[in-house]
Amino acid sequence: KGYNQQEGVDFVETFSPIAKLVTMKVLLALAASQHWHLVQLDVNNAFLNRDLFEEVYMDLPLGYSSKGENSTQAGKLVCKLHKSIYGLKQASRQWYSKLSYSLIQFGFTQSKSDYFLFTKGTGSSFIALLVYVDDIIITGPSPQAIDTLKFFLHSQFKLKNLGTLKYFLGLEIARSTRGIILSQRHYTLQLLEDTGFLACKPANVPMDPKLNLTATDGDVLDDISQYRHLVGRLLYLTLSRPYITFAIHKLSLFISQPRVPHLQAAHHLLRYLKNAPGQGLYFSSSSSLQLKAFSDADWGSCLDSRRSVKGFCVFLGDSLVSWKAKKQTTVARSSTKAEYRALAATTCELVWISQLLKDFHVQTVSSVLIFCDNQAAIHIASNPTFHERTKHIEIDCHFVRDKVTDGFVKVMPIRSQHQLADIFTKPVSSTSLFPFLSKMAVKDIHQPP
């Protein structure tokens, strides 16, 4: 139990250096297209690498007794910590503090878009370092620069050199001259085995398009922990499988009181995973570095709250790097309002990713394209005097107009059957799903072409 004598209160805040996974996908997309090297390091006993600034005391470990201790002193002695230990609230914070300080002293610049991304140099000497707790990814065009960085880190910490990046946070990375594949095949097979669906009959789609799940249909499950545990494990699969994001989003809505139809829908998703456990994202080595996005919304689709579901996906060239499916916070009065809110969320993501690309010294030379299948929403983004449709839309959404005026984004019309973001707002049929997967560069290297 950590205790700060100066403050007189127990520490309740936790902190852990966890990079955004979108940043990792952008890094992989750039490494594939720019032919950068990818190296992984692991820090041994990372949380023991920093001294403490505060006065922190801990109870004596079980079975430990000091010399001369009498019965009146029993249970009153404590240890004063000079260095952080595992289980201490400050441990992860202190480890990140030492790592960031060492990298900045070595000449690295800390990204303002993702504080766990560090970059240094330009051109052939450029190098980027991404931190996820005690796992480190290093990329850059120069093997000599990477070796110099590894030598420096070895002088500061006890490291394990894991070589070329192949397995990171349960994600499998396979690389060839044509690009990089990011998948979770081992994790998927283990999930199917643990749930007894390894030999099941495969399904064609993640969720039945005719299925309408509500919070009140069906009997409440006897063991709700089983459903929560399953949804939690399925949620991790969305890191490399964008096409199941909506299904997971829908199942997560009923986590507080799951019912039998909800569990059946989760089992249907497991059957779909059995169909292709090795599917993953493909980052092409011949991809351009132009940003583009697809934005969509399904108006009033939630039968319990009548709120709309927004969805978007962002591509860096041909590589899918970011996506989201989320229920909107308020009820939209029209489909136009729901679509325009989705446009605002998409624009926010694009602004952040464009700032992230600048840290990688990648400059977008033209406007970012956002494809939207709602003509009214496109007109609102381009026409500041469209009063009848815009007077009930929040002011903070209208920054889309500012970005259009500045030339940062350009909203383009697209037919609904070609709207890739449609897969993040509703369940789709198999005839629509497979063309979407092809356009999203979803591949399975474990199956014959």
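Helices (H or I, at least four residues) and strands (E, at least two) are DSSP runs, numbered from the N terminus. The model is predicted: local features need pLDDT of at least 70, side-chain atom pairs count only at pLDDT 80 or more, and totals for chains, interfaces and linings use all residues. Residues are numbered from 1 along each chain as its sequence is written, and side-chain values use heavy atoms, with hydrogens and water left out.

**Exercise 1. Describe the protein chain as a whole.**

Solution. Step one concerns secondary structure: the protein chain has twelve helices and 20 strands. Step two concerns burial, where buried means under 20% relative accessible area, exposed over 50%, and partly exposed in between (1.4 Å probe, protein chains only). Of the 449 residues in the protein chain, 50% are buried. Step three concerns contacts (heavy atoms within 4.5 Å). Among contacts between residues at least 6 apart in sequence, 74% join residues at least 24 apart.

**Exercise 2. Place glutamine 40, leucine 77 and aspartate 406, and classify each by accessibility.**

Solution. Glutamine 40 lies in strand β3, residues 37-43. Its relative accessibility is 5%, so glutamine 40 counts as buried. Beyond its neighbours within four places in sequence, glutamine 40 is in contact with residues including Asp135, Ile136, Lys160, Tyr167 and Phe168.

Leucine 77 belongs to the loop between β4 (51-59) and β5 (78-83). With a relative accessible area of 32%, leucine 77 is partly exposed. Its C-alpha atom is separated by 7.2 Å from that of aspartate 59, and the two residues are 18 residues apart along the chain.

Aspartate 406 is in helix α11, residues 399-406. The relative accessibility of aspartate 406 is 57%, so this residue counts as exposed. Aspartate 406 and serine 367 are 39 residues apart along the chain, and their C-alpha atoms are separated by 9.4 Å.

**Exercise 3. Test the length of helix α8 and determine its burial.**

Solution. The expected span of a helix is 1.5 Å times one less than its number of residues. Helix α8 (residues 335-359) has 25 residues and should therefore span 36 Å; the C-alpha atoms at its ends are 37 Å apart, which agrees. In α8, 21 of the 25 residues are buried, so this helix is largely enclosed by the rest of the structure. After α8 comes histidine 361, whose phi is positive, near 65°.

**Exercise 4. Characterise the packing of α8 against α1 and against α9.**

Solution. Axes are lines fitted to C-alpha atoms, for helices over the stretch in contact, and angles run from 0 to 180 degrees between N-to-C directions. Angles under 35 degrees count as roughly parallel, over 145 as roughly antiparallel, 65 to 115 as roughly perpendicular and the rest as oblique.

First, take α1 (residues 21-34). It packs against α8 at an angle of about 55°, with the axes 11 Å apart. The two helices are therefore oblique to each other. On the α1 side, Val22, Thr23, Val26 and Leu30 meet Glu349, Trp352, Ile353, Leu356 and Leu357 of α8. An α-helix has 3.6 residues a turn, so residues three or four places apart point the same way.

Next, take α9 (residues 375-382). The angle between α8 and α9 is about 55°, and their axes are 8 Å apart. This pair is therefore also oblique. Here the contact is made by Thr336, Glu339, Tyr340 and Leu343 of α8 with Ala376, Ala377, Ile380 and Ala381 of α9.
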